[in-house]
Amino acid sequence: MEAMALAMVLLVTAWPAVTPSLHAAGGAAPVQDVRVTRWTTADGLPQGTVNALYQAPDGELWLATFGGLLRFDGVRFHTYDLDSHPDLPSSRITALAQGNGGSGASEDLWALTQYGHAFRLTRGRIAEVHDPPGDGVQSIALEVVGDQLWSRHVAGPLYRLADGVWSEIRPALEKSTGYHSLARLGDGLLATDGDRLLEFDAAGGLRAEWPAPAHSISLAPDPTGGAWIGMVDGLARLEGGVLKRVDCEPRLDARVTAIVPDGAGGVWIGTAEGPRHVRHVGGGPVRPGTPPPEVEGVSGSSRPFDWG
């Protein structure tokens, strides 16, 4: 299955550094002075599907693919797969999360396989491996809170790993879109749960629950506090314990599958129609109830990604 091109993923991760002084013209805002470098399987990548990205503070980029875990130092890729590391539980990696190694550098990283195995790399070596929490799981999201690991699966169950033992914190959903997201928030965890947003404490207790304006599928903590929530038909924000939809101009009526705060009060979002930038034209943070922020498109191919 051909999925997200690596070139597009790397461009998305670079956008927060692009100046927000873009201007909309006919609904599209061309981005100037952006160089795109593309890597494909022809350049030695084991597989072209990128499921997750993590950039360590030391600058190295880690990529989760169905062909293994990749470490990119800016020049070349190093592949962790069953051929190079037979002790890996699987080469099909779906999620990544920073560990608690202290420095936050590439020496401590957690990864999740499609079949629910969790493993930790320390200084490039596999330090520990944990079996799946059950049979037949399809893993999609991972987060670390304190010394505990949390994972979410396609059918919706939420698990927490503490002292080497998995516990089910939330059962599977009756209806699941397959999109689920986790985000660390302070000393707790946020989780999408269909038409609700849930906050858990570090021990797995349900701390708070909010009805979402629409089905929620993506999350991102905001450096200024609170969190952004991507929904099937737009964007919402959690702030001060209140969850509200963000009204945009033009209306943002798209499935928001990824969110990256831009560091200036707005956000970059990923949709099936391509990336967009949500910001106030006059500056200042985007908040529910404030004048509608502008939604800028990014010029390029209008053709959505080919997932077929």
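1. A polar contact, as the term is used in this note, is a pair of N or O atoms within 3.5 Å, where one of the two must be able to donate a hydrogen and the other to accept it. By that criterion the side chains of Arg-196 and Asp-193 are joined by a polar contact of 2.9 Å. The model discussed here is a predicted one, and the distances, angles and accessibilities quoted below should be read as values computed from that predicted model.

2. Arg-196 deserves some further comment, and the position of the residue may be stated before its neighbours: Arg-196 belongs to strand β15 and is partly exposed, its relative accessible area being 28%. Besides the contact with Asp-193, the side chain of Arg-196 makes a polar contact of 3.0 Å with the side chain of Glu-209. When residues up to four places away in sequence are set aside, Arg-196 touches Arg-170, Ala-191, Glu-209, Trp-210 and Ala-212. The C-alpha atom of Arg-196 is also 7.3 Å from the C-alpha atom of His-215, although 19 residues separate these two along the chain.

3. Which sheet surrounds this arginine is the next matter. Strands β13, β14, β15 and β16 form an open, antiparallel sheet of four strands, in the order β13-β14-β15-β16. Strands β13 (182-185) and β16 (206-211) each have a single partner strand and stand at the edges, so that one side of each has no neighbour within the sheet. The average turn between neighbouring strands of this sheet, with direction ignored, is 20°.

4. The pairings on the two sides of β15 can be described in parallel terms. Strand β14 (residues 188-193) pairs with strand β15 (residues 196-200) in the antiparallel sense over five bridges, and within this pairing Leu-189 has Phe-200 of β15 as its bridge partner. Strands β15 and β16 likewise run antiparallel and are joined by five bridges, with Glu-199 standing opposite Ala-208 in β16. The hairpin formed by β15 and β16 has five residues between the strands, and in this hairpin Gly-204 takes a positive phi near 95°.

5. Turning to the aromatic side chains, the model contains four aromatic pairs. One of them consists of Trp-62 and Tyr-80, whose ring centres are 5.7 Å apart and whose planes make an angle of 35°, and this pair is tilted. Trp-62 lies in strand β2 (residues 61-65) and Tyr-80 in strand β4 (residues 77-80), so the pair ties together parts of the chain that are 18 residues apart in sequence. Both Trp-62 and Tyr-80 are buried.

6. Why is the pair of Phe-72 and Phe-77 stacked? The centres of these two rings are 4.4 Å apart and their planes meet at 20°, so the pair counts as stacked, because planes under 30 degrees apart are assigned to that class. The two rings fall into separate accessibility classes, since Phe-72 is buried at a relative accessible area of 8%, whereas Phe-77, at 22%, counts as partly exposed.

7. Two arginines are placed over aromatic rings. Arg-92 lies over the face of Phe-66, at 4.1 Å from the ring centre, and the charged end of Arg-237 sits over the ring of Trp-228, 4.9 Å from the centre of that ring.

8. His-85 is found in the loop between β4 and β5 (93-98). Is this loop residue buried or exposed? Its relative accessibility is 16%, and His-85 therefore counts as buried, the limit for that class being under 20%. The side chain of His-85 is joined to that of Ser-84 by a polar contact of 2.8 Å. Leaving aside residues up to four places away in sequence, His-85 touches His-78, Thr-79, Tyr-80, Gly-124 and Ile-126; Tyr-80 is also the partner of Trp-62 in the tilted pair.

9. Pro-261 is found in strand β21 (residues 258-261) and counts as buried, with a relative accessibility of 18%. The C-alpha atoms of Pro-261 and Asp-222 are separated by 6.4 Å, while the two residues are 39 residues apart along the chain.

10. For the chain as a whole, the secondary structure comprises one helix and 24 strands. Buried residues make up 48% of the 308 residues. Among the contacts with a separation of 6 or more, 44% are between residues that are 24 or more positions apart.

Conventions. Residues are numbered from 1 along each chain as its sequence is written. This is a predicted model: local features need pLDDT of at least 70, side-chain atom pairs count only at pLDDT 80 or more; totals for chains, interfaces and linings use all residues. Side-chain values use heavy atoms; hydrogens and water are left out. Rings of Phe, Tyr and Trp (its six-membered ring) pair if their centres lie within 6.5 Å; planes under 30 degrees apart count as stacked, over 60 as edge-to-face and the rest as tilted. Buried means under 20% relative accessible area, exposed over 50%, partly exposed in between (1.4 Å probe, protein chains only). A charge sits over a ring if NZ of Lys or CZ of Arg is within 6 Å of the ring centre and within 35 degrees of the ring normal. Contact means heavy atoms within 4.5 Å. Two strands pair if DSSP finds at least two bridges between them. Axes are lines fitted to C-alpha atoms, for helices over the stretch in contact, and angles run from 0 to 180 degrees between N-to-C directions.
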